[in-house]
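This report goes through the sheets, the helix packing and the ligand surroundings of one model. The sequence and the structure come first.

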Amino acid sequence: MTTAVPTSGPTPASVPASAARVVDAVKLYGTGDTRVRALDGVSVDFPAGRFTAIMGPSGSGKSTLMHCAAGLDTLTSGSAFIGDTDIGALGDRRLTLLRRRRIGFVFQSFNLLPTLTVAENITLPLDLAGERPDQEWLDALVDTVGLRDRLHHRPGELSGGQQQRVAVARAFAGSPDVVFADEPTGNLDSRSGQEVLRLLGRTVRQTARTVVMVTHDPVAAAHADEVVFLADGRLVDRMPDPTAERVLDRFKSFAPPPLAQAVTA
Ligand SMILES: Nc1ncnc2c1ncn2[C@@H]1O[C@H](COP(=O)(O)OP(=O)(O)OP(=O)(O)O)[C@@H](O)[C@H]1O
């Protein structure tokens with residue numbers, strides 16, 4: 001894989017100390033006996049220019065936190081900000097525009113359009129937003145993800161790892177304030193997963209972009225600059241400069257025994 005990394009490119013629209021944050025976030029699902037408190041008063045900031053991992057046992061609220069922070073879902077109470085923008089105060093149209101222009105997404109299942117080429121998939125969010133791509137930035141991104149010789153292929157002709165690298169390039173193509181990644185290595189073998197994680201880490205460190213990644217994998221979390229831990233819908237710890245071993249140790253103290261064993265296995 002090519003290791004070139006874009007060093008220039010457009011500056012994100014705004015670069016405050018926090019690329020994203022939630023304040024006193026509460027999210028309830030259901031009503032009555034079936035009511036679930038998925039987020040129970042979480043306040044957390046995701047610093048600009050950093051790679052943050054969200055970890056916690058299954059059901060601890062990781063995906064809910066990410067979805068609410070990214071404006072894909074709404075909080076029951078509390079606030080979510082992208083930069084200085086309170087996304088709860090935006091109407092549907094402005095929220096859609098904000099998601100298109102200031103947020104990138106990487107999902108476990110790649111979510112590429114099979115009929116489009118790699119090049120078309122990478123620029124799709126920009127095309128939808130009616131924006132012209134910054135060609136220099138795109139060129140550098142394509143080199144970073146190592147897919148220059150695949151630009152005219154379709155996703156079905158690529159391996160899972162290559163498809164996820166396309167999804168990473170797509171997420172960064174519009175130079176968003178923050179890229180949210182939900183279990184980005186969940187469908188990959190460990191070697192391809194490591195490549196994607198290194199790619200995320202390199203892009204953050206060498207271009208001052210911001211990534212927030214949900215994972216249940218201590219090895220994946222160790223690629224981040226910091227790990228925030230959730231348990232039962234609450235923020236229970238933060239760990240700067242994580243290693244897989246320290247993350248696993250900390251994780252075991254939050255997870256019920258069967259889960260801790262599953263992660264160790
Ligand atoms: N749409 C929903 N309706 C009802 N309950 C939900 C919904 N989405 C999530 N929940 C519940 O909210 C809690 C938190 O779920 P969430 O998916 O955020 O956890 P998670 O930490 O991401 O879990 P996992 O690691 O298993 O993906 C869980 O108890 C879950 O069952």
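The sections below describe a predicted model.

## The four-stranded sheet

Four strands make up an open sheet in the order S2-S1-S4-S5, and their pairing is antiparallel. Its edges are strand S2 (36-47) and strand S5 (85-86), each of which pairs on one side only. Inside the sheet, S1 and S4 run antiparallel and are joined by five bridges. One residue pair fixes the register here: Val23 has Ser79 in S4 as its bridge partner.

Strand S4 (residues 77-82) is also joined to S5, by two bridges, and this pair runs antiparallel. Ile82 is bridged to Thr85 in S5. S4 and S5 form a hairpin with two residues between them. Gly83, in the turn of that hairpin, has a positive phi of about 60 degrees.

Helix H1 (residues 62-69) lies across three strands of this sheet, namely strand S1 (18-29), S2 and S4. The direction of H1 is at about 120 degrees to S1.

## The ligand shell

The ligand has 13 residues around it, and Tyr29, Ala38, Ser58, Ser63 and Thr64 come nearest. H1 gives the largest share of this shell, with three residues. Both S2 and H1 supply at least two residues each.

Sorted by class, the shell consists of nine polar, three nonpolar and one charged residues.

## The six-stranded sheet

A second topic is the open sheet of six strands, with the order S6-S7-S8-S3-S9-S10 and mixed pairing. Strand S6 (103-107) and strand S10 (234-240) each have a single partner strand, so one side of each has no neighbour in the sheet. Leaving direction aside, neighbouring strands of this sheet are turned against each other by 20 degrees on average.

At the S10 edge, strand S9 (residues 226-231) is joined to S10 by six bridges, and the two run antiparallel. Within this pairing, Val227 has Met239 in S10 as its bridge partner.

Two helices that pack on this sheet can be placed against its strands. H5 touches S6 and strand S7 (178-182), and the direction of H5 makes about 170 degrees with that of S6. Helix H8 (residues 244-254) touches strand S3 (51-55), S9 and S10, and its direction makes about 165 degrees with that of S10.

## The packing of H3 and H5

Two packed helices are described by the angle between their axes and the distance between the axes. For helix H3 (residues 118-128) and helix H5 (residues 160-173), the angle is about 30 degrees and the axes are 7 Å apart. Angles under 35 degrees count as roughly parallel, and H3 is therefore roughly parallel to H5. The crossing of the two helices is right-handed.

Which residues of H3 and H5 meet? From H3 they are Val118, Asn121, Ile122, Thr123, Leu124, Pro125 and Leu126. From H5 they are Val166, Ala169, Arg170 and Ala173. By class, this contact has eight nonpolar, two polar and one charged residues.

## Summary

The predicted model has an open four-stranded sheet with antiparallel pairing and an open six-stranded sheet with mixed pairing. H1 lies across S1, S2 and S4 and also gives the largest share of the shell around the ligand. H5 packs on the six-stranded sheet, touching S6 and S7, and also packs with H3 at an angle of about 30 degrees.

Methods: Residues numbered from 1 in each chain as written. Predicted model: local features only at pLDDT ≥ 70, side-chain atom pairs only at ≥ 80, totals over all residues. Pairing = 2+ DSSP bridges. Contact = placed C-beta atoms within 7 Å. Axes fitted to C-alpha atoms, helices over the stretch in contact; angles between N-to-C directions. Near = placed C-beta within 6 Å. Nonpolar A, V, L, I, M, F, W, Y, C, P; charged D, E, K, R; others polar. Parallel < 35°, antiparallel > 145°, perpendicular 65-115°, else oblique. Left-handed = near helix turned anticlockwise from the far one by under 90°.
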